[in-house]
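Please open the structure in a viewer and keep the sequence panel visible. The tour below proceeds by selection, with a short account of what is found at each stop.

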Amino acid sequence: MITRRINILGVLALGGGLALFAGLAQGQQDQQGTKLVADSKPAPAPAAAKTTSSASNSNATAAPAAPAVETEEAQLAEGEKRFHDNCGRCHQAPHKLAPRMMATAIRHMRVRATITDEDMRLILRYMTQ
Amino acid sequence: MRLFSRISSVRLLAAFLALWIAPTIRAQDQVTSQVQQGTTPQDQVTAQDATSLQDSETISPVPIFSAGLAYNSFVQGGTDHVHPLVSPVILVPLGQNWLIENRETFEIDLAPQPGSNGNYKGYLQKEVDYLQLDYIANRYMTVTVGRFVTPFGIFNERLYPVWIRDLQTDPLILPISTGPSGAGTGAMVRGGFNATNKVEINYATYFSTLSTYTPLDSDRAFGTRAGIFLPGPRLEVGGSYQHLLQDDHSNAFGFHFAWQPPPIPLDIRAEYARSHSGSGYWIESAYRLSQAPIWQNELRHVQVVARMQQFYLGQVVDGSLPGVNTNMFEFGMNYYFRDDIRLVSSYGRQFAPEGGNMNVWNIGLTYRLALPVGHGEVR
């Protein structure tokens, strides 16, 4: 009986510790995120540059810049939808991984969860943006 | 001896905590080191994003070390069980189309032995869940050789890892047609493709050879599983079939169902399986309280789960299945500290003749970690 109580108390204590630690870690991440957002606010140009560079890579001229953005956004929106459709079938939505890790994880999921080639590409694009 | 048992439990707890903290500390070290070097994580992410935006497919994958960890305490019919588990996963991508995957499981079921004055004893179980080489041949087909998780139903292959499953106990019908170890040794062809814009089809067909070498046990069998997934309503239905190529050459079949209605965070899953050893089903629903009208900040971390299952004895006795007709109801509540760390708890009541009625309590922790091996950064 004492051992049972010790086991349950041990798990509860560990859970409490993890909750505290996770809360602290989350707080740190939020602070870092706030700082990063604040740091990135004065420089919105790179975002535009990224989309236009994407457009230029696809042999687009200056005029179709807006459609290129729409295409990019549409692909990301579709990727997010496919992500929730497919990944959510088995587990909670994971946080984003580094792009090179994500490239491996999505290949793993293509085999294990038999997601389609199209789903794989769209989810990878969404998860690496 | 009791003191030794307590010390062992404390060691297991400490090891679990250390494994959980290690990647967090590592990530913090990375941030500190980047700040010292004058680069922020945002710079790094921006540089990676620029690459990603040009073409996501040009990203070269990096090997990953991942693991599922669990520390569960069960009280089953009045008997305590302490069940620590570590399940490391290694993924090694090769070129554009190859992947080596390996998952192993190390677990101990510690329980007080009769006549040992309450001392907890158990032995380490080692299992090779899969060790396979995958070749993505084209958009319709992947060829796999080696040891693989038997694709019969959905629980064994998709929901088995401790960090994924919503209830920590196995369904009663899980051993049906998944072989002595839940895995096969041989070759498999599988894939998923779009039949139309609104219909996806997935399939897996395999052949497994007989292996009596522990922990690589498997039966000689062939089988197939196919499913139809409708992305709109997020509904999947499918069926499985297996033919044993040894002993009595029996057949087994099963059906599975999964539905995540898009407007609400609800998962409904079910399986039915039938073989000469028995038949049965389980149906499970899990609801995440992220849309609760009150206390949303707190309740969005909470998931409530319920599962009902029944097993009916077949013509042949299988030691891994219940020896009598059994019904079981389970209710659980999980708390997600993050998407990868959970406090899990459940209560179940088993109904079976010949003194098989019992309560099953569970409380525990699960954690999933993922680390790059080589040049990769945790975002």
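The stops go from chain A as a whole to individual residues and pairs.

**Before starting**

This is a predicted model, in which local features need pLDDT of at least 70, side-chain atom pairs count only at pLDDT 80 or more, and totals for chains, interfaces and linings use all residues. Residues are numbered from 1 along each chain as its sequence is written, chains are lettered from A and ligands numbered from 1 in the order in which they are written, and side-chain values use heavy atoms, with hydrogens and water left out.

**Stop 1: chain A, coloured by confidence**

Select chain A and colour by pLDDT, the predictor's confidence in each residue on a scale from 0 to 100. The chain average is 63, and 46% of the residues score at least 70. Of the elements in this chain, helix α4 (residues 99-112) of chain A has the highest mean pLDDT, at 91, and helix α2 (residues 45-57) of chain A the lowest, at 35. Then select residues 18-66 of chain A, where the pLDDT is below 50; this stretch nevertheless has 27 contacts in the model beyond near neighbours in sequence. A contact here is a pairing of heavy atoms within 4.5 Å.

**Stop 2: the helices of chain A**

Switch to a cartoon view of chain A, which has five helices and zero strands. Helices (H or I, at least four residues) and strands (E, at least two) are DSSP runs, numbered from the N terminus. Among contacts in chain A between residues at least 6 apart in sequence, 65% join residues at least 24 apart.

Now show the surface of chain A. Its accessible area is about 6,500 Å², and carbon and sulfur atoms account for 63% of that; such areas come from the Shrake-Rupley method with a 1.4 Å probe, and for residues only the protein chains shown count as cover. Of the 129 residues in chain A, 40% are buried. Buried means under 20% relative accessible area, exposed over 50%, and partly exposed in between (1.4 Å probe, protein chains only).

Select helix α5 (residues 117-127) of chain A next: nine of its 11 residues are buried. Among them are A:D119, A:L122, A:I123 and A:Y126. With A:D119 still selected, add A:E78, A:R82 and A:E118; these four residues are linked in a network of salt bridges. A salt bridge is a side-chain nitrogen of Lys or Arg within 4 Å of a carboxyl oxygen of Asp or Glu.

**Stop 3: two cysteines of chain A**

Why is there no disulfide between A:C87 and A:C90? The sulfur of A:C87 is 8.8 Å from the closest cysteine sulfur, that of A:C90, which is too far for a bond; a disulfide is a pair of cysteine sulfur atoms within 2.5 Å. Both residues can be found below the surface: A:C87 is buried at 16% relative accessible area, and A:C90 is buried at 11%. Over all chains, the structure holds zero disulfides.

**Stop 4: from chain A to chain B**

Select A:R89 and B:E236, which form a salt bridge with the closest N and O atoms 2.5 Å apart. This pair crosses between chains, from the loop between α3 (65-87) and α4 of chain A to strand β11 (residues 235-244) of chain B. A:R89 is buried, with a relative accessible area of 6%, and B:E236 is buried at 1%. The whole structure has 22 salt bridges over all chains.

**Stop 5: salt bridges within chain B**

Move to B:R225 and B:E157, whose closest N and O atoms are 2.9 Å apart in a salt bridge. B:R225 lies in strand β10 (residues 221-230) of chain B and B:E157 in helix α3 (residues 155-159) of chain B, so the pair ties together parts that are 68 residues apart in sequence. B:R225 is buried at 0% relative accessibility, as is B:E157 at 4%.

Next select B:D340 and B:R338, which meet in a salt bridge of 3.2 Å, N to O. Here B:D340 is buried at 5% and B:R338 is buried at 18%.

**Stop 6: B:S87**

Finish at B:S87 in strand β2 (residues 79-94) of chain B. Is this residue buried or exposed? B:S87 is buried, with a relative accessible area of 9%. Display the polar contacts, meaning pairs of N or O atoms within 3.5 Å; within protein, one must be able to donate a hydrogen and the other to accept it, and residues adjacent in sequence count only if both atoms are side-chain atoms. A polar atom of the B:S87 side chain lies 3.0 Å from the backbone oxygen of B:E104, and a polar contact of 3.3 Å joins the side chains of B:S87 and B:T105. Leaving aside neighbours within four places in sequence, the residues in contact with B:S87 also include B:S66, B:A67, B:G68 and B:D129.
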